[in-house]
Amino acid sequence: MFRKKNFYLWILSIGLTVVTAYYQRKTGPTYPVTVRLENDGTSIKNKLIRSHGSEGDADIRLFVPGDDIRGFMKFKRYKSYDEWSEVQMVRRGDSLFTQIPHQPPAGKVMYQIFTEKDSQRKALTKEPVVMRFRGDVPAYILIPHILLIFLAMLLSTRTGVEVLFKGNNVFKYTRWTVILLFFGGLIIGPIVQKFAFGVYWSGWPFGYDLTDNKILIAFIMWVVAFFILRKNGEKTGWALAASIILIVVFLIPHSLLGSEIDYTAKP
């Protein structure tokens with residue numbers, strides 16, 4: 001009976017963690033923007049990128065069949081005094097193609113795509129899309145970071161569920177949550193930040209990066225819960241509170257208020 005209950009609690013925890021992680025990724029400011037355009041009664045779906053993490057210019061490509069459709073892009077650096085630039089997209093088979101000039105890590109560019117048919121121009125989005133450039137993060141750094149953070153979210157959720165169902169493993173799960181958050185968020189996380197944006201830490205007290213700050217807040221809360229539980233294992237409410245706080249901070253879209261260059265402050 002105990003094993004069956006434990007199995008269901010793990011399934012519940014995994015489900016909650018996956019939903020939270022998916023929501024965070026889907027709502028983040030670097031997730032591609034889905035756009036649709038109509039052509040002869042056919043709805044064509046495309047995605048406009050909002051993040052570029054390799055060397056060279058950022059490729060913008062739209063699947064738009066029909067030689068009678070042209071494409072244009074206007075763009076300028078985000079947070080700058082630049083004037084808008086406009087380029088015509090190049091047709092390559094069934095696609096329209098152009099590029100956004102490369103920017104240094106944390107540099108942003110806002111751009112808007114237009115299609116034109118029979119002298120009628122239409123914007124694919126109501127507002128320009130903001131795209132952030134970043135450095136390339138090696139897979140041997142990025143994959144462990146993502147894995148450890150996901151496992152920390154899972155163990156955190158499992159701890160909260162354990163409290164709610166009055167289980168006996170609250171302290172054990174709390175300990176593992178602290179360990180995973182420490183290595184995934186405070187050890188490997190800053191290395192990811194260094195590769196991507198050139199700094200190890202841009203949260204408090206050095207900046208306002210929400211990703212860094214929310215990891216710090218969650219970790220502190222879990223450390224507090226750990227020491228309280230180690231002293232008095234009956235005070236499981238602290239672990240439940242830490243679990244809820246971690247869910248709340250991970251519901252905040254990833255990369256929100258992240259590193260960015262203010263071109264208005266540069267010559």
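Here is a short chat about the nonpolar parts of this predicted model.

Residues are numbered from 1 along each chain as its sequence is written, and side-chain values use heavy atoms, without hydrogens or water. As the model is predicted, local features need pLDDT of at least 70 and side-chain atom pairs count only at pLDDT 80 or more, while totals for chains, interfaces and linings use all residues.

Colleague: Which helix gives the most to the largest nonpolar core?

Modeller: That core has 33 residues; a nonpolar core is a set of buried (under 20% relative accessible area, 1.4 Å probe, protein chains only) Ala, Val, Leu, Ile, Met, Phe, Trp, Tyr and Cys residues joined through side-chain atoms within 4.5 Å. Helices α2, α3, α4 and α5 each supply at least two of its residues, a helix being a DSSP run (H or I, at least four residues) numbered from the N terminus. With 9 residues, the top giver is α3.

Colleague: And which residues of α5 or elsewhere is Leu 181 in contact with, leaving aside neighbours within four places in sequence?

Modeller: Leu 181 is among the members that touch the most others in this core. Contact means heavy atoms within 4.5 Å. On that basis, the partners are Ala 152, Leu 186, Ile 215, Ala 218, Phe 219, Trp 222 and Leu 246.

Colleague: Is Ile 244 buried, partly exposed or exposed?

Modeller: Ile 244 sits in α5. Its relative accessible area is 46%, and the class between buried and exposed (over 50%) is the middle one. So Ile 244 counts as partly exposed.
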